[in-house]
Structures are given as C-alpha cells and as structure tokens.
Amino acid sequence: MATMVGSGLSNQTGAAIGSLAFPVLGPVGVVAVRQYVAALVLIAVGRPRLRSFTWAQWWPVLLLALVFGTMNLSLYSAIERVGLGLAVTLEFLGPLTIALASSRRRVDVGCAVIAAAGVVTLMRPQPSTDYLGMALGLLAAACWASYILLNRTVGRRVPGAQGAAAAAGISAVMFLPIGIAVAVRHPPTAGAVACAIAAGVLSSAVPYLADLFTLRHVPPRAFGLFMSVNPVLAALVGMVGLGQGLGGPEWAGIGAIVAANAVSIVTSRS
C-alpha cells in the first residue's frame, strides 16, 4: 500500500514540479528532458538487444515510441492550459475506455454512463473554458489507450522489458533535435533544468520501478483499483503545490470518473 501511494504521489508531484519549468522550457522542453530520463532508466533495466529484433517486433516498438512521446507532450501541454487535476483526469479516460469497451456487462454500461456524465461536467461550456486544453487532455487519453494496446503487442513479441526500453530510447532520440532547438531559442536556467530532470525521475523512473515491485506483491485488481485514485491525487497535488483550486462541479466530475473505474474493477470477475 505504501509503495502504491508513493508511486502515485511521485508521479503527480513530478508533473507539478515539471510545470514550474514551463515559463523557461515550455511543455515541449520539459517533456524532452523527461523522455531522456525515462530512456536512461528503461534501457538500464530492459537492456534491449536491438540487433536481434525482427520487423514483426520493430513496427509495434516504433509505434509505441511515437505514442509514448505524443502522450507525454499532449498531457504536459494540457497541464499548462487546464491544470494538473483536470489534465490527468481527462487522460485517465484512456485506460477506462479500454476497460469498459471490452465488457458487455450491464454494470459496465452504467459505469460508462457515469464516466460520460463526469466528462460532460468537466467540459461544460463556460466563459473561461479552455477547449484546446481539454482537447489535448483527450488526445493524451487516446494515446494512453493506444499505449496500453501496443504494450500488449510488444509484450507478446519482445521478451522481458526490452520492447519498452527500445521504445523509450527511440522516443528520446526523436526528442533530441527538439530539445536542442528549445535550448537554442530559450536558453535554459539551472532551476528549469533541475525541475525538468526531477519530473523525469519522479514521473518516470520512480513509478516504473515502484510498480514493478508492487505488482509482485499486490493482486492486479487491487493495483488497478488504486490506480483509479490518481486523478484525485493529481487534483490534490495541483491544489496544494500549484494553487490550482477546483470548484464543486470539477470535483464532482473527477469523482464520477474515478467511481466509474472503481466500480468496474470491484465488480469484475477477473
């Protein structure tokens, strides 16, 4: 339990700290640094043997690398516009949609309706509504759903963590020219770089290693149930650490989406 709480808080705290570098590096620069850190960690753990990969292994790895980078970039861009809590909640619709779409149970239909009501509440028209930010959050959700499906394919075709490590390395290479361009146009400060590196460590390295440990000792259902609390953790971290307060309707929308996922997991048979 402590490991799961630590992983969730680390992930959201890393995103919050990374957002502090937005004025200097922008979301693109922060994500570039995060991709570098993720690549270093995953390559050290997975140790991919790239020369032995066949084309049937390479193509899902390449797609996974593209989705991995797009997912983080769209999420951090959404965080910049709509705040940490709402961005993470919208992104969370990705795995929730995968879970509900694969089921024909009546209870899951009800969960889908509850989640949809939460989305409508979060995206209701207001003078201050940032529709681009909301769209970026939904793009992150679509990428996360694709990330899950591609990971399944990579996991079946590439042994161990080699596929994920290779994808992280390729994604980092893709962001290398972007990082250089950002550094040339906007010379980074030491503080901004430190925040970006902290985001990479706290949001990539720590959660990945913590989740590996957790899944060896905690049933998948319990792990998935705790994962559903991440939008709430993100909202709390955003409120306490960044001063991004949410109103009653926003909390109700987040609660509906979290509840839909929790009910679906608790009532599932497998």
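Me: Which helix gives the most to the nonpolar patch?

Reply: That's helix α3, residues 55–82, with five residues in the patch. A helix here is a DSSP run of H or I with at least four residues, a strand is a run of E with at least two, and both are numbered from the N terminus. Keep in mind that this is a predicted model: local features need pLDDT of at least 70, side-chain atom pairs count only at pLDDT 80 or more, and totals for chains, interfaces and linings use all residues. Residues are numbered from 1 along each chain as its sequence is written, and side-chain values use heavy atoms, with hydrogens and water left out.

Me: Which residues form the nonpolar patch on the surface?

Reply: Patch members have over 30% relative accessible area and no salt bridge; nonpolar side chains (Val, Leu, Ile, Met, Phe, Trp, Tyr) are joined within 5 Å, like charges within 9 Å. A salt bridge would be a side-chain nitrogen of Lys or Arg within 4 Å of a carboxyl oxygen of Asp or Glu. Here the patch is Trp-55, Trp-59, Leu-62, Leu-63, Leu-66 and Met-174, with about 590 Å² of accessible area together. Accessible areas come from the Shrake-Rupley method with a 1.4 Å probe, and for residues only the protein chains shown count as cover.

Me: Is Trp-59 buried, exposed or partly exposed, and what is its relative accessible area?

Reply: Buried means under 20% relative accessible area, exposed over 50%, and partly exposed in between (1.4 Å probe, protein chains only). Trp-59, which sits in helix α3, has 33%, so it counts as partly exposed. Leu-236 in helix α10 (residues 230–242) is partly exposed too, at 37%.

Me: How do I read the span of α3?

Reply: Take 1.5 Å times one less than the number of residues to get the expected span. α3 has 28 residues and reaches 40 Å from its first C-alpha to its last, close to the expected 40 Å. Right after α3 comes Gly-83, with a positive phi near 95 degrees.

Me: And how many helices and strands does the protein chain have?

Reply: There are 11 helices and zero strands. The radius of gyration is 18 Å, close to the 18 Å that the globule rule gives for 270 residues, so the chain is as compact as a globular protein of that length. That radius is taken over C-alpha atoms, and the rule is 2.2 Å times the number of residues to the power 0.38. The C-alpha trace spans about 50 × 40 × 35 Å along its principal axes, and 49% of the 270 residues count as buried.
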